[in-house]
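Please look at the sequence together with the three-dimensional structure before reading on. The paragraphs below lead through it step by step.

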Amino acid sequence: MWLMQDAVGFGHVHATSALLRARCDPDMRTGDIRAPPDYGAHTLHETPLHLACRAKPPHLELQSRGLVLLLLRFGADPGHQDDRGDTPAHHLARKGDAATLWALLSRARPEQAEAAVRRQNARGATAEQEAPDGGARLAVRLALRCGPRSSPSGRHSCCPWARSTTWGRTARGRTPRARTPRGGRTGRAWLGGRGSCRSRRAATA
């Protein structure tokens, strides 16, 4: 049954969430191809995380990070390798997606994140060695070296991506802390409540 792989491959976040809540295995691999050999179809026995992290058309790339965070929340292991030896980190490093790579490594278990970073594929390359040349290579290297060392919540991060509330605390179901007005006063103090600035001015007048 490839329902999970289909949902992830086509970027259906809600369908993937429903399948995971129905206790589908987040590490279920793609099965063997039963089509005739002349079809040219093949399988790499990939996990849903592989499918979420591999390169896709632009309209599906928009859902990649959300799918990665969702699968990790249900216990997916980023250290699994496909038939080519690639981990999900290899796919993200290859396409230069440092932000999603950071999300993957900083939210996985430390031993799983270390395995995803250190394991070599069939060509003997680690995820860092698969990074493209140019500016994206530096960002990918930074994510690979700092991601496994950060805390799961991303609060003690050495990279700026983990401080983003867009996929930091909000992605884990937490509401970002609202900013207070100038001077550190709360909204009640400015609206004239008891002990507010306005009530103090009226008392002294």
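A useful place to begin is a salt bridge between the side chains of arginine 141 and glutamate 128, in which nitrogen and oxygen lie 3.0 Å apart. Arginine 141 belongs to helix α9, whereas glutamate 128 sits in the loop between α8 and α9, and the pair, 13 residues apart, links distant parts of the chain. Arginine 141 has a relative accessibility of 31% and therefore counts as partly exposed. Glutamate 128, at 22%, also counts as partly exposed, because the partly exposed class lies between the limits of 20% and 50%. The model under discussion is a predicted one.

Glutamate 128 has a further partner. Its side chain also meets that of arginine 145 in a salt bridge, again with 3.0 Å from N to O. This pair, too, links distant parts of the chain, since arginine 145 is in helix α9 and glutamate 128 is in the loop between α8 and α9, 17 residues apart. Arginine 145 has a relative accessible area of 42%, so this residue is partly exposed.

Another salt bridge joins the side chains of glutamate 130 and arginine 123, with an N to O distance of 2.6 Å. Are these two partners buried or exposed? Glutamate 130 has a relative accessibility of 11% and so counts as buried, whereas arginine 123 reaches 64% and so counts as exposed. The limits behind these words are under 20% for buried and over 50% for exposed. Both residues also belong to a network of salt bridges that links Asp86, Arg94, Arg123 and Glu130. In the whole structure, a search finds eight salt bridges.

The overall architecture may now be considered. The protein contains 11 helices and zero strands, and the pattern along the sequence is accordingly written as α-α-α-α-α-α-α-α-α-α-α. The protein has 205 residues, of which 42% count as buried. About 12,200 Å² of the protein is exposed, and carbon and sulfur atoms supply 51% of this area. Contacts also show how the chain is arranged: among those between residues at least 6 apart in sequence, 60% join residues at least 24 apart.

How do two of these helices, α7 and α9, pack? Two packed helices are described by the angle between their axes and by the distance between the axes. For α7 and α9, the angle is about 5° and the axes are 9 Å apart. The two helices are therefore roughly parallel to each other, because angles under 35 degrees count as roughly parallel. On the side of α7, the contact is made by Ala98, Leu101, Trp102 and Leu105, and on the side of α9 by Ala139, Val140, Ala143, Leu144 and Cys146. The residues of this contact comprise nine nonpolar, no polar and no charged ones. Helix α9 thus takes part in two kinds of interaction described here: the nonpolar contact with α7 and the salt bridges of arginine 141 and arginine 145.

Helix α8 covers residues 110–118, and its buried residues are Gln112, Ala113, Ala115, Ala116 and Val117. What covers these buried residues? The cover includes α6 (88–94), α7 (98–107) and α9 (135–146). Alanine 115, which is placed in helix α8, may serve as an example. At a relative accessibility of 16%, alanine 115 counts as buried, because the limit for this class is under 20%. Alanine 115 also illustrates how sequence and space can be compared: alanine 115 and proline 148 are 33 residues apart in sequence, and their C-alpha atoms are 9.6 Å apart in space.

The last stop is the loop between α2 and α3, where the backbone deserves attention. Arginine 23, in the loop between α2 (13–21) and α3 (48–53), has a positive phi of about 70° although it is not a glycine. Arginine 23 has a relative accessible area of 79%, so this residue is exposed. Histidine 45, placed in the loop between α2 and α3, likewise has a positive phi, of about 55°, although it is not a glycine. With a relative accessible area of 24%, histidine 45 is partly exposed.

How values were computed. Residues are numbered from 1 along each chain as its sequence is written. This is a predicted model: local features need pLDDT of at least 70, side-chain atom pairs count only at pLDDT 80 or more; totals for chains, interfaces and linings use all residues. Side-chain values use heavy atoms; hydrogens and water are left out. Buried means under 20% relative accessible area, exposed over 50%, partly exposed in between (1.4 Å probe, protein chains only). Helices (H or I, at least four residues) and strands (E, at least two) are DSSP runs, numbered from the N terminus. Contact means heavy atoms within 4.5 Å. A salt bridge is a side-chain nitrogen of Lys or Arg within 4 Å of a carboxyl oxygen of Asp or Glu. Accessible areas come from the Shrake-Rupley method with a 1.4 Å probe; for residues, only the protein chains shown count as cover. Axes are lines fitted to C-alpha atoms, for helices over the stretch in contact, and angles run from 0 to 180 degrees between N-to-C directions. Angles under 35 degrees count as roughly parallel, over 145 as roughly antiparallel, 65 to 115 as roughly perpendicular and the rest as oblique. Ala, Val, Leu, Ile, Met, Phe, Trp, Tyr, Cys and Pro count as nonpolar, Asp, Glu, Lys and Arg as charged, and the others, Gly among them, as polar.
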